[in-house]
Amino acid sequence: MEYTEAVGKRLNELLNERHLTQTQFAKDSNISRMTINRTINGKVSIVTFETLIVFCKTLNITLRDFFYSELFTNEIEFYKKKKGRLINSFH
């Protein structure tokens, strides 16, 4: 799974947990509904740090909370193996 897909899946999880629609989240975050939808559906090529910050502020969570998911744990392990770099996990 690509990083952007994992971000989209995580955003969708968080919206579902909070019973928020994409439309409501778009209004609250001041990010277009199309961008929210494309992010959730893995159709964006990048998700900027600034966008992640807006997601987190709107959801009233930290970046750590956002990335605290198996979706990213698996990506980190893959990256560590592929690049041979030491990355501390979020757990």
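Two residues are in contact when heavy atoms of theirs lie within 4.5 Å. The exercises below apply this to a predicted model.

**Exercise 1. Find the residues that F66 touches, leaving out those up to four places away in sequence, and decide whether F66 is buried or exposed.**

Step 1. Not counting residues up to four places away in sequence, F66 touches V7, R10, L11, L14, L52, C56, I61 and F72.

Step 2. A residue is buried when its relative accessible area is under 20%, and F66, at 0% relative accessibility, therefore counts as buried.

**Exercise 2. Classify the ring pair of F66 and F72, and then the ring pair of F67 and F72.**

Step 1. Rings pair if their centres lie within 6.5 Å, and planes under 30 degrees apart count as stacked, over 60 as edge-to-face and the rest as tilted; by this rule the count comes to 4 aromatic pairs.

Step 2. The ring centres of F66 and F72 are 6.1 Å apart with the planes at 40°, so this pair is tilted.

Step 3. For F67 and F72 the distance is 4.7 Å centre to centre and the angle between the planes is 75°, which is an edge-to-face pair.

Step 4. Ring pairs thus link F66, F67 and F72 into a cluster, in which F67 and F72 are both buried, the relative accessible area of F72 being 4%.

**Exercise 3. Describe the largest nonpolar core and state which helices supply it.**

Step 1. The largest nonpolar core has 21 residues, and those with the most contacts inside it are L11, I36, F55 and F66.

Step 2. At least two residues of this core come from each of α1 (3–17), α2 (22–29), α3 (33–40), α4 (49–59), α5 (63–67) and α6 (70–83), while α1 gives the most, with 5 residues.

Step 3. As a general background, nonpolar side chains in soluble globular proteins tend to be buried together.

**Exercise 4. Work out how α1 and α4 are oriented, and which residues meet between them.**

Step 1. The axes of α1 and α4 are 12 Å apart and the two helices pack at an angle of about 10°.

Step 2. Angles under 35 degrees count as roughly parallel, so α1 is roughly parallel to α4.

Step 3. From α1, the residues Y3, V7, L11, L14 and L15 meet L52, F55 and L59 in α4, and by class this contact has 8 nonpolar, no polar and no charged residues.

**Exercise 5. Place T39 in its helix and list its contacts beyond four places in sequence.**

Step 1. T39 lies in helix α3, and at 2% relative accessibility T39 counts as buried.

Step 2. Leaving aside neighbours within four places in sequence, T39 is in contact with T4, V7, G8, L11, V44, V47 and F55.

Key. Residues are numbered from 1 along each chain as its sequence is written. This is a predicted model: local features need pLDDT of at least 70, side-chain atom pairs count only at pLDDT 80 or more; totals for chains, interfaces and linings use all residues. Side-chain values use heavy atoms; hydrogens and water are left out. Rings of Phe, Tyr and Trp (its six-membered ring) pair if their centres lie within 6.5 Å; planes under 30 degrees apart count as stacked, over 60 as edge-to-face and the rest as tilted. Buried means under 20% relative accessible area, exposed over 50%, partly exposed in between (1.4 Å probe, protein chains only). A nonpolar core is a set of buried Ala, Val, Leu, Ile, Met, Phe, Trp, Tyr and Cys residues joined through side-chain atoms within 4.5 Å. Axes are lines fitted to C-alpha atoms, for helices over the stretch in contact, and angles run from 0 to 180 degrees between N-to-C directions. Angles under 35 degrees count as roughly parallel, over 145 as roughly antiparallel, 65 to 115 as roughly perpendicular and the rest as oblique. Ala, Val, Leu, Ile, Met, Phe, Trp, Tyr, Cys and Pro count as nonpolar, Asp, Glu, Lys and Arg as charged, and the others, Gly among them, as polar.
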